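Thanks for coming. I have one chain to go through, and I will keep to helix packing and the core.

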Amino acid sequence: MLPLDTVLTFFVTALMLALAPGPDIIFVLTQSALYGMRAGVATTLGLISGLCFHTTIVAVGVAGIFMTSPLAFTLLTVVGAAYLLYLAWLSFRAGASMAHLQESRFLGYWGLYRRGVIMNITNPKVTLFCLAVLPQFVEPERGHPTLQILSLGGLYELACLIVFTAIAALGGRMATWFNRSDRAQMLMNRIAGCIFLGLALMLAFASR
């Protein structure tokens, strides 16, 4: 079992890391600004589920093997970049959807959850992050390393849940303004499209 001081130190570190501007925060903010806080929360739960996947493969040691294969890394990167390009295309194509008036244009909370899962799982940088950070807080004398990594992963996921939910609440307040006019909706969709395009390029040119 991890000592309390290690748990507290890691959790504070996790909160700081979760607060750092990055693709996940931007993704949650844009979705909640477009469709409201609940949409941001659904996206957050998808991202957290994907993070659980990365934590698990790091804990069981698969990540180390996976990351030594340039082909596997490249394939996952290409898939992730392609998915982000697809999201960018959808955003540019959406225009002014007026989410509160045209429910048919709204992807649905389950759809946003799936987007969050896919976006997180297809980003090999998340695995590298977990592989680099989580083992630093493991103390072998305290018990099985796999269980410790899973526990640390759970704390990191909790920290992300807290931060991303707060971001979703902020985005939800923005949604009230954006949904007042076609022009605001058009602007938000264009911004989201540019963000997805930028993230796709960053991921495509990422190196280990």
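H3 and H6 pack with their axes 7 Å apart, at an angle of about 35 degrees. This is a predicted model, and that applies to everything I say today. The crossing of these two helices, H3 and H6, is right-handed. On the H3 side the contact includes Arg 38, Ala 39, Ala 42 and Thr 43, and it runs on through residues such as Gly 46, Leu 47, Gly 50 and Leu 51 to Phe 53 and His 54. On the H6 side they meet Tyr 109, Leu 112, Tyr 113, Gly 116, Val 117, Asn 120 and Ile 121. Sorted by class, the contact of H3 with H6 has 11 nonpolar residues, 7 polar and 1 charged.

H6 also packs against H2. The axes of H2 and H6 come within 12 Å and cross at roughly 165 degrees. An angle over 145 degrees counts as roughly antiparallel, so H2 is roughly antiparallel to H6. H2 passes H6 in a right-handed crossing. Here Pro 23, Asp 24, Phe 27 and Gln 31 from H2 meet Leu 112, Arg 115, Gly 116, Met 119 and Asn 120 from H6. The residues of this contact, H2 with H6, divide into 4 nonpolar, 3 polar and 2 charged.

One residue to pick out of H6 is Asn 120. Helix H6 covers residues 109-121, and Asn 120 lies in it. Is Asn 120 buried or exposed? Its relative accessible area is 3%, and the cut-off for buried is under 20%, so Asn 120 is buried. Which residues is Asn 120 in contact with, leaving aside its neighbours within four places in sequence? They are Asp 24, Leu 47, Gly 50, Leu 51, His 54 and Val 126. Asp 24 belongs to the H2 side of the contact with H6, while Leu 47, Gly 50, Leu 51 and His 54 are on the H3 side of the other one.

Now the chain as a whole. There are 9 helices and 0 strands, and along the sequence the pattern reads α-α-α-α-α-α-α-α-α. The chain has 208 residues, of which 46% count as buried. Among contacts with a separation of 6 or more, 85% are between residues 24 or more positions apart.

Next, the core. The largest nonpolar core has 33 residues, and Phe 10, Leu 152, Cys 160 and Phe 164 have the most contacts inside it. Which helices each supply at least two of its residues? They are H1 (4-19), H2 (23-35), H3 (37-59), H5 (70-94), H7 (124-133) and H8 (145-178). H8 gives the largest share of this core, 10 residues. Apart from it lies another core, of 5 residues, including Leu 34, Tyr 35, Ala 42 and Leu 112.

Take Cys 160 from the first of those. Not counting residues up to four places away in sequence, Cys 160 touches Ala 18, Ile 48, Leu 51 and Thr 165. Looking back from the other side, Ile 48 is found in helix H3 and is buried, at 12% relative accessible area. Beyond its neighbours within four places, Ile 48 is in contact with Glu 157, Cys 160 and Leu 161. How far apart are the C-alpha atoms of Ile 48 and Cys 160? They are separated by 7.4 Å, with the two positions 112 residues apart along the chain.

Two more positions, both in H8. Ile 149 lies in that helix and is buried, with a relative accessible area of 9%. Apart from residues up to four places away, Ile 149 touches Thr 55, Val 58, Ala 59, Leu 134 and Val 138. Ile 149 and Val 138 are 11 residues apart in sequence, and 6.8 Å apart C-alpha to C-alpha.

The other position is Gly 172, also in helix H8. At 15% relative accessibility, Gly 172 counts as buried. Outside its neighbours within four places, Gly 172 is in contact with Ser 32, Gly 36 and Met 37. The C-alpha atoms of Gly 172 and Gln 31 are separated by 8.9 Å, and the two residues are 141 apart along the chain. Gln 31 is one of the H2 residues in the contact with H6, which brings us back to the packing at the start.

That is what I have. Questions, please.

Key: Residues are numbered from 1 along each chain as its sequence is written. This is a predicted model: local features need pLDDT of at least 70, side-chain atom pairs count only at pLDDT 80 or more; totals for chains, interfaces and linings use all residues. Side-chain values use heavy atoms; hydrogens and water are left out. A nonpolar core is a set of buried Ala, Val, Leu, Ile, Met, Phe, Trp, Tyr and Cys residues joined through side-chain atoms within 4.5 Å. Buried means under 20% relative accessible area, exposed over 50%, partly exposed in between (1.4 Å probe, protein chains only). Helices (H or I, at least four residues) and strands (E, at least two) are DSSP runs, numbered from the N terminus. Contact means heavy atoms within 4.5 Å. Axes are lines fitted to C-alpha atoms, for helices over the stretch in contact, and angles run from 0 to 180 degrees between N-to-C directions. Angles under 35 degrees count as roughly parallel, over 145 as roughly antiparallel, 65 to 115 as roughly perpendicular and the rest as oblique. A crossing is left-handed if the near helix is turned anticlockwise from the far one by less than a right angle, and right-handed if clockwise. Ala, Val, Leu, Ile, Met, Phe, Trp, Tyr, Cys and Pro count as nonpolar, Asp, Glu, Lys and Arg as charged, and the others, Gly among them, as polar.
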